[in-house]
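Dear colleague,

Please find the structure below, for your consideration. My notes on its chain interfaces and on one helix pair follow it.

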Amino acid sequence: MSIAPPEFDVMSRGPDTGARSEDYLWTLNFGPQHPATHTTLRLVLKLEGERVVDAMPEMGYLHSGFEKIGEHLTFNQYVTVTDRMNYISPIANNVAWHHAVEALLGLELTSRCKYIRTIVAELARISDHLLSNGAVGLDTGAFTFFLYAFYQREVIYDIFETLCGARFTNSYTRVGGVSQDFTPLVIEKIRAFLKTVPKTLDDMERLLTRNRIFVDRTKGVGVLTKEEAINRSATGPVARASGVTRDLRKDEPYLAYGDLDFKVACASAGDCYARYLVRMQEMRESLRIVQQALENLPGGPVNVGIDQRTALPTKKQVYSSIEGTISHFELSMANRGFEVPFEESYAAIEAPNGELGFYIVGDGDDTAYRARCRPPSVLHFALFPFLIRGHTLSDVVAVLGSLNIIAAELDR
Amino acid sequence: MPHTPPAVDDVVAALAERFGAVEPSVYRGQTRVVIPAEVAFEAFEVLKNQGFDLLVDVTCVDYLDYKGAKHRYGLVYLLANTATNQRLTVRVFADDPDPTVASIVPLWEGANWLEREVWDLFGIRFEGHPDLRRLVMPDEFTAHPLRKDYPLQGRGERHNFPVITRDHS
Amino acid sequence: MAVENGPKLELPENVFVSKLDELASWCRKNSLWPMPFATACCGIELMATGASKHDLARFGAEVFRFSPRQCDLMIVAGRVVMKMLPVLQRIWQQMHEPKWCISMGACASTGGVFDTYAVVQGIDRFIPVDMYVPGCPPRPEQLIQAIIDLQDKIQREGTITGREFDTAGRQARKRALVEIAAPLSIDASRNPVLQRELAAAAETAPRS
């Protein structure tokens, strides 16, 4: 539907066009302040009428120096900063950070802790996908869908607040365990959530999945093939929607995932609609995981024992045993802390957005020498020019939403 | 303990055969090799042909204050094989002045922005990179912030802006 | 002419008398159109405040317009970094008078957790702020309280007489302190005479 003469068909040309076609091109600056709900990222779009010829993404509008802060804070202090990375599922970042720290230290967690971390990580996954799909709905005009999703997120926030005091930015994990154990009230609230959320997911699917307008706006838009997904290092739902069957929960089982029975959602189309469907299905699988983990929640201590000298002992242990007192003293006093080997290691988890890993270099004391966050959003944002070429301006928001780019994880 | 990925001994052996001493080491189940900067690109080609099709991350560590460090910059490349789930960490060292390494963008397109970020934050030049400019810092920024000699609070750049008061706006 | 000494008027039920200032402030405070300058985590709490559980629309702030030309309340939610500050200033200048600014969260008010090379330590160093909301992130109820307090402020101060422009002196002093303290590496707190001299120099220091 271009107003240009037929020989200037954009789809068959690359960005290096001849001089005459330059007359038809105009530049649109999209962001860093823009109406879509994806915070501070900037796109400079070169358009021919409504068709995008090229897109030059620019990031860095939220770069706060997270990696430099990691060199000045201890492991248990830095977890508060990791909350602020992927801020729509902060507990997943906490789990990823301490997963990497415990890999460096060689700590083995208690089984109760593994199950608890699995449950909160999956609740964070549900929260993330609710917002991500909600944002896709909102940006393509479906406001009710967004409000349904946000209501269930408020229920998840309530669970997290009962658990550790904060709605999000929980800073829930600690080296060797978690900060608060599950109480019966928390378990009851999670059970209530598991009963009510499937109906909301059904309602949400009824609104959009077979909605003609939504399907037309997202089917065939932003297609990512399997080879390109691997070559461009896409991971998570973006890659799984293109046929890459890589999921760290199955390929490199960590925490309690090895004991639980769940499926990995994949699609082969690679367009925005496939990514939407993959996320909806992943939410249902997450519900199954939380159900199984909650039923099989082991008893016992949630933090590692005192002999490991990494997690704070309980008050009872501090006041009644000498090891407890010594351990408490060693961990709380400045300039003491625990021993960290002079080594480097990388560990990743399957975060809702993709493979979220931390490369940590240890230098003896409990402050990292280098704490590198491997951000899935950077690689997904780099995919954007490749996906959007040839589509129209209204597809920009749909593609951007389906990639789920979180600016804080993007820029760190 | 995190899951131990499948062994990569044959890959390490192939590298050692071709490039000499690669100093393999294993820590917590992760295999690391060291490749000299001059042969880095060929080594990555070999690795890609061995099946390491997913580039997980490209990053750098500044060893200025590290005990027992022999070089200043250690580039870290994390690779994975999606078919067999093997993982490998490749380290390439560089030194001041003007640390330079060959770019691996021709092999993995995902390295494009990751290398730009390393250039921006550490100042390591990648030869053959199609578009080496700053990624996260503003273009007019001259320092490389993640180097150990750059202070955490910066050098006053964050205060250096015009003030808009009520009577201006 | 002293109207108050005249005869008492009998007003019908549907007429009330007010000052123009109060009437205009009442209209303005009850239909604030926020412009969400949402950068980071506080942006999610801002969205939650606008969503169905804590509904900001009850307070008149129904329309979250993203265009500065159509808004009068800028809510800066999240940390503002060096690269983003010129954008923030430009958007503030594009907004029409009367306009107000809420600095939501610790990062926008003072830099928050991030005392680093990239994060601006408080947007009030560079743009005028009317209301600060502490928290990391603030609960939606805190943001709603801030909007209510801002509504009270609007009613009190009004915009017809231009009283809001008195904040200029406060802002200039804060900026001067930053400039003087940073390059000098002496500890002025140990020397009261030096402190007095530095304070005097700050009043008359030329703006760079």
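**Interfaces and a helix pair**

Between chain B and chain A there are 8 salt bridges (a side-chain nitrogen of Lys or Arg within 4 Å of a carboxyl oxygen of Asp or Glu). This is a predicted model, in which local features need pLDDT of at least 70 and side-chain atom pairs pLDDT 80 or more, while totals for chains, interfaces and linings use all residues. Residues are numbered from 1 along each chain as its sequence is written, chains are lettered from A and ligands numbered from 1 in the order in which they are written, and side-chain values use heavy atoms, with hydrogens and water left out.

One salt bridge joins the side chains of R372(A) and E117(B), at 3.3 Å from N to O. Chains B and A bury about 4400 Å² between them, 56% of it on carbon and sulfur atoms; buried area is the accessible area (1.4 Å probe) that two parts lose on being put together, summed over both.

Chain A and chain C bury about 2900 Å², 67% of it on carbon and sulfur atoms. Of the area that chain A buries there, Q33(A), R84(A) and R167(A) supply 21%, more than any other three residues. The interface of chain A and chain C has 3 salt bridges, and the side chains of E161(A) and R139(C) meet in a salt bridge at 2.4 Å, N to O.

In contact (heavy atoms within 4.5 Å) are 51 residues of chain B with 48 residues of chain A, and 35 residues from chain A with 32 residues from chain C.

With kind regards
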